[in-house]
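Colleague: I am new to this structure and would be grateful for a close look at a single part, the surroundings of the ligand. Please set it out as one connected account.

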Amino acid sequence: MADNGICTEEQINAVLTRLAEIRGRIEAACRAAGRSPESVTLMAVTKTVDPVLINTAADAGVTVLGENRVQEFLSKREFYRPQAEVQFIGHLQTNKVKQIIDKVTMIQSVDSLHLAEAVSRAAEAKGIVMPVLLEVNIGGEASKSGVSPDALPALLRAVQTLPGIRPDGLMTIPPPASDEAEQNAVFARMKQLYDRMAQEAPLHVLSMGMSGDYEAAVRNGATLVRIGSALFGPRVYPQAAV
Ligand SMILES: *Cc1c(COP(=O)(O)O)cnc(C)c1O
């Protein structure tokens with residue numbers, strides 16, 4: 001992880017330029033879909049990114065940060081702006097829940113009852129109720145985490161009975177799409193699923209869309225897009241194993 005705090009003026013300006021571009025594109029996608037731009041939250045995804053650049057985005061009005069890795073988050077969070085709201089979006093092991101439960105405002109990646117129960121217990125122990133999203137494996141890919149669309153209704157019902165956790169919506173990482181028609185098809189399917197589930201529970205967050213497909217996601221009803229490389233540039237992973 002680059003945490004040496006050495007960022008050039010050029011890198012900082014590039015983040016501001018990209019942020020303006022992304023905001024413009026989100027606005028245009030909202031307009032095309034007859035939605036208000038305020039209905040979409042832009043999350044900055046921080047993995048491998050230097051806190052100086054993360055704070056650049058925060059100071060420019062990005063209020064929500066997305067974290068993938070527990071250790072990286074814990075080592076960087078002290079450098080973050082205090083007003084930044086952090087949500088967890090990565091695969092979460094049950095034995096790490098306690099390390100983040102009082103440091104994040106949402107966990108977007110709950111994909112099993114086992115994990116939901118661990119989150120609920122940890123939240124109860126802190127006297128809080130943790131808002132969560134249920135992660136859906138919309139493409140049915142063996143390599144991806146997420147509950148299958150078929151198993152989602154039962155998971156949602158079970159999660160609704162847990163005292164320390166509150167399901168606020170759904171999250172997905174779709175399979176790579178070769179064109180916009182494919183992107184649209186998978187996001188439209190996700191929106192249908194979301195609308196159906198929203199009849200069972202008071203859901204209000206649909207987290208879908210990343211650097212390569214956020215405009216299609218917004219046109220299809222995303223309320224939160226998770227943007228990493230389009231905002232911060234290509235990720236550079238450290239040589240040494242973390
Ligand atoms: C890394 C990551 C993103 C952002 O990916 P980009 O393509 O760089 O925008 C979004 N969501 C999750 C869950 C991620 O792990």
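Modeller: An oxygen atom of the ligand is 2.7 Å from an N or O atom in the side chain of Arg235. The protein covers 89% of the 390 Å² of accessible area that the ligand has on its own; such areas come from the Shrake-Rupley method with a 1.4 Å probe, and for residues only the protein chains shown count as cover. This is a predicted model, in which local features need pLDDT of at least 70 and side-chain atom pairs count only at pLDDT 80 or more, while totals for chains, interfaces and linings use all residues. Residues are numbered from 1 along each chain as its sequence is written, and side-chain values use heavy atoms, with hydrogens and water left out.

Two further side chains offer an N or O atom to a ligand oxygen: that of Lys47 at 2.8 Å and that of Asn68 at 2.6 Å. The residues around the ligand (those with a heavy atom within 4 Å of it) also include Val45, Met210 and Arg226. By class, this shell has five nonpolar, four polar and three charged residues; Val, Ile and Met are among the nonpolar types, Lys and Arg among the charged ones, and Gly counts as polar.

Val45 leads to the strands. Strand E1 covers residues 41-45, and four of its five residues are buried, buried meaning under 20% relative accessible area, exposed over 50% and partly exposed in between, with a 1.4 Å probe and protein chains only. Strands (E, at least two residues) and helices (H or I, at least four) are DSSP runs, numbered from the N terminus. E1 pairs in the parallel sense with strand E8 (residues 224-227) over four bridges, and with strand E2 (residues 64-67) over three; pairing requires at least two DSSP bridges. Met43 stands opposite Arg226 in E8, and its bridge partner in E2 is Val64. Together with helix H2 (residues 51-59), E1 and E2 make a right-handed β-α-β unit: with the strands pointing away from the viewer, the path from the first strand over the helix to the second runs clockwise.

Thr48 lies in the loop between E1 and H2. Its phi is positive, about 70 degrees, although Thr48 is not a glycine. Most residues other than glycine have a negative phi. Thr48 counts as buried because its relative accessibility is 11%.

Met210, from the ligand shell, lies in the loop between strand E7 (205-207) and helix H8 (214-219). Met210 counts as partly exposed because its relative accessibility is 35%.

Notes
A polar contact is a pair of N or O atoms within 3.5 Å; within protein, one must be able to donate a hydrogen and the other to accept it, and residues adjacent in sequence count only if both atoms are side-chain atoms.
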